[in-house]
Amino acid sequence: MAGRDTGALLVGLLVLFHTWGVWAAVQVNMEDRVEIFKGKTAPIACMFTLNHSISEVVIEWLYVTTGGEKQMIYYQNSTVKSIQPNTPFTDRITVNETGGTGGVVLNIADVQLGDELEFICLIRHITNKTAEGRTKLKVFVTPDRPIIEGVETGISVNEQNPSKIGTCEVKNGYPKPNINWYRNKMPLRNDHDGVEVKSRSTTESTGLFSVTSELHLLVKEEDKDAEFYCEVTYLVPGETRMTESNPINITVYYPSTAVNVWVESPKGKIKEGDSVEIHCYGNGNTPATYTIKHKAMELNMESNMLVLTNVTRLESGNYQCVYLDTDTFENLYGNVTLFVNYLDPAVVMPKGSVEVAQGAELKATCNALSSLQTETLWFKDGQEFSKGHSLTLKDATFDTAGTYTCVVTVPEIEEMQTSGTLHVYVQIPPEIMKPDNTEIEESFENTVDLKCHVLKSASQLETREGVLLSVVSIKVTSDITAFCNASNEYGTDALAFNIKARGNGVVIAVIIICILLLAILGSVLYYLYKKGKICGRSGKQDLTKEKSNKDNIVVEMKSDNTEEAVLLGVNGEKPLPNDQ
């Protein structure tokens, strides 16, 4: 077998075979086949050796039709090189010499599927002795990517015959591609138990092949997690290639052997007021119905879930899920226990409000019934006051009075808490808050406002500031002392305000002088009357026929809440009641 040079001439050629013919001193060598992609240019080499000059031979290229006839497409002698007209290759072939006496190469451009023929290189000597070689041209087209479709309906493991898993289709390949099926990377073939592969091919109008394959299988429970895919193998020049489809999964129906029931939410301990989800599922996968019963009552479910909103302790207990397989009509049962923790409202004893004597002791308790361990804190004015369920107030004072709040919490569930209040009043006399200054100076005829702050006590209502406030307005006409008195059933308290009038000294002096002058005048008249020195009087007679009334000067001051009067008479005498 002669050697061959594949470096420059035979691009894309795979299998090298040897065909040769012997005629006298002529030997022809050609490849058994040349492989080329559709649309490319195929080189077919005819290598020969001569004992004579190439000018003494005729070179002819022919092809064998599908009917077995030989058809010339090229002719060459020492003087003529001719491409035969009116052949399928007339416009697409060229012939090149390799140089020297080595041979010639037939180039076929834009190779088509119909070019897949046998080509003959014929060498004829002038003595009419001939030798020839033959090469088959093989054309290839890479198919499209495979398309896989799985069945959308579920498949039961109880099926007696193989069920369709999916369809794989590959189009426009040449030669005809092959399809193989795999499950989890393991091949599936017809010779396997429970496996059926049905394939069919069609020839398109273009001459290309399309292949469709269906996989049928007796499914098992483990197939629920399996990945199925198809693999397409096809020929290309010099090798075999393969392309995989995307994987698919199938729905496998298999019976349940147990029912799982659990509380999905909330996680952890459940308290009153929560929304609870109870889920119920069989460990199989088959059409089924679910019902849940609690205390012999059937509850409404949404699919496989029971939703309980705003739960209470009454909903604690066992919940039974009943699973009915609609294929076998067999029942399975599952149970879960639900416990709803609770915390009752806090109960404070004594209730509401309580009065305690000054210096006495008060004991109070705060309790809340709970399914879990509780902790209690007492607060006053927003500040923590004491810990524990009991509250003890010793030696009650004014500061003891106030509102006490107990807060009961459950450490295991942060959101669970309740509270109660106790109002404490201390039985003590009222206490007037002494202002910074009780000695007040004010201009004459001006008005001064006096404010009296009385601390709250057990018998009084609390104000926003914790005190009672009384305000009185007094017009200053002289020096005066005003008193604020506060009392309850437990005692009294008083506070004096001294008001000194400024700018009234001249008036007082005038009044005093007038009084003195009137006194002197009265004394003189009385003396003359006694001596009988007054004109028009004969004998002893009264200065006046009627007793004159005494002159009175009364000063009175009033306020909204208190009244105080200072009554002054002439010569310091107090007027009689009938003189006022």
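Which residue in E44 is the bridge partner of glutamate 439? In this predicted model, the partner is asparagine 498. The strands around that pair are taken up below, after a general view of the protein.

## Overall make-up

The protein contains 46 strands and one helix. It has 580 residues, and 36% of them count as buried. Its accessible surface comes to about 34300 Å², and carbon and sulfur atoms hold 50% of that area.

Among contacts in the protein with a separation of 6 or more, 58% are between residues 24 or more positions apart.

## Strands E40 and E44

Strand E40 covers residues 439–443, and its two faces are unlike in cover: Ile440 and Glu442 form the covered face, while Glu439, Glu441 and Ser443 form the uncovered one. Glutamate 439, which pairs with asparagine 498 of E44, is thus listed on the uncovered face of E40.

E40 runs parallel to strand E44 (residues 491–502), and five bridges join the two.

## A five-stranded open sheet

Five strands make up an open sheet with mixed pairing, in the order E32-E38-E37-E34-E35. Because strand E32 (353–357) and strand E35 (383–387) each have a single partner strand, they stand at the edges, and one side of each is left without a neighbour in the sheet. On average, neighbouring strands of this sheet are turned by 35° against each other, direction ignored.

At one end of the order, E35 and strand E34 (residues 375–380) run antiparallel and are joined by four bridges. One of the pairings places lysine 380 opposite glutamine 383, its bridge partner in E35.

## Nonpolar cores

In soluble globular proteins, nonpolar side chains tend to be buried together. Here the largest nonpolar core has 34 residues, and Trp61, Ile73, Leu106, Ile108 and Phe119 have the most contacts inside it. Another core, of 25 residues, lies apart from it and includes Val348, Leu372, Leu393 and Met416.

## Disulfides

The count of disulfides comes to five. When the bonded cysteines are numbered in sequence order, the pairing is 1-2, 3-4, 5-6, 7-8, 9-10. Three of these links are described here.

Cysteine 46 and cysteine 121 form a disulfide with sulfur atoms 2.0 Å apart. The link is left-handed, with -80° about the S-S bond. It connects distant parts of the chain, since cysteine 46 is in strand E4 (residues 42–49) and cysteine 121 is in strand E10 (residues 118–125), 75 residues apart. Cysteine 46 has a relative accessible area of 0%, so it counts as buried. Cysteine 121 is also buried, with a relative accessible area of 0%.

## Two further links

In the disulfide of cysteine 280 and cysteine 321, the sulfur atoms are 1.6 Å apart. This link is left-handed, with -75° about the S-S bond. Cysteine 280 lies in strand E24 (residues 276–282) and cysteine 321 in strand E28 (residues 317–325), so the disulfide ties together parts that are 41 residues apart in sequence. Both cysteine 280 and cysteine 321 are buried.

Cysteine 452 and cysteine 484 form a disulfide with sulfur atoms 1.9 Å apart, and the link is left-handed, with -80° about the S-S bond. Because cysteine 452 lies in strand E41 (residues 447–455) and cysteine 484 in strand E43 (residues 480–488), the pair ties together parts 32 residues apart in sequence. Cysteine 452 is buried at a relative accessible area of 4%, and cysteine 484 is buried at 13%. Cysteine 514, by contrast, is partly exposed, because its relative accessible area is 38%.

Definitions and conventions: Residues numbered from 1 in each chain as written. Predicted model: local features only at pLDDT ≥ 70, side-chain atom pairs only at ≥ 80, totals over all residues. Heavy atoms only, no water. Pairing = 2+ DSSP bridges. Axes fitted to C-alpha atoms, helices over the stretch in contact; angles between N-to-C directions. Core = buried A, V, L, I, M, F, W, Y, C linked by side-chain atoms within 4.5 Å. Buried < 20%, exposed > 50% of the residue type's maximum accessible area, 1.4 Å probe, protein only. Contact = heavy atoms within 4.5 Å. Areas by Shrake-Rupley, 256 points an atom, 1.4 Å probe, with all protein chains shown as cover. Disulfide = S-S within 2.5 Å.
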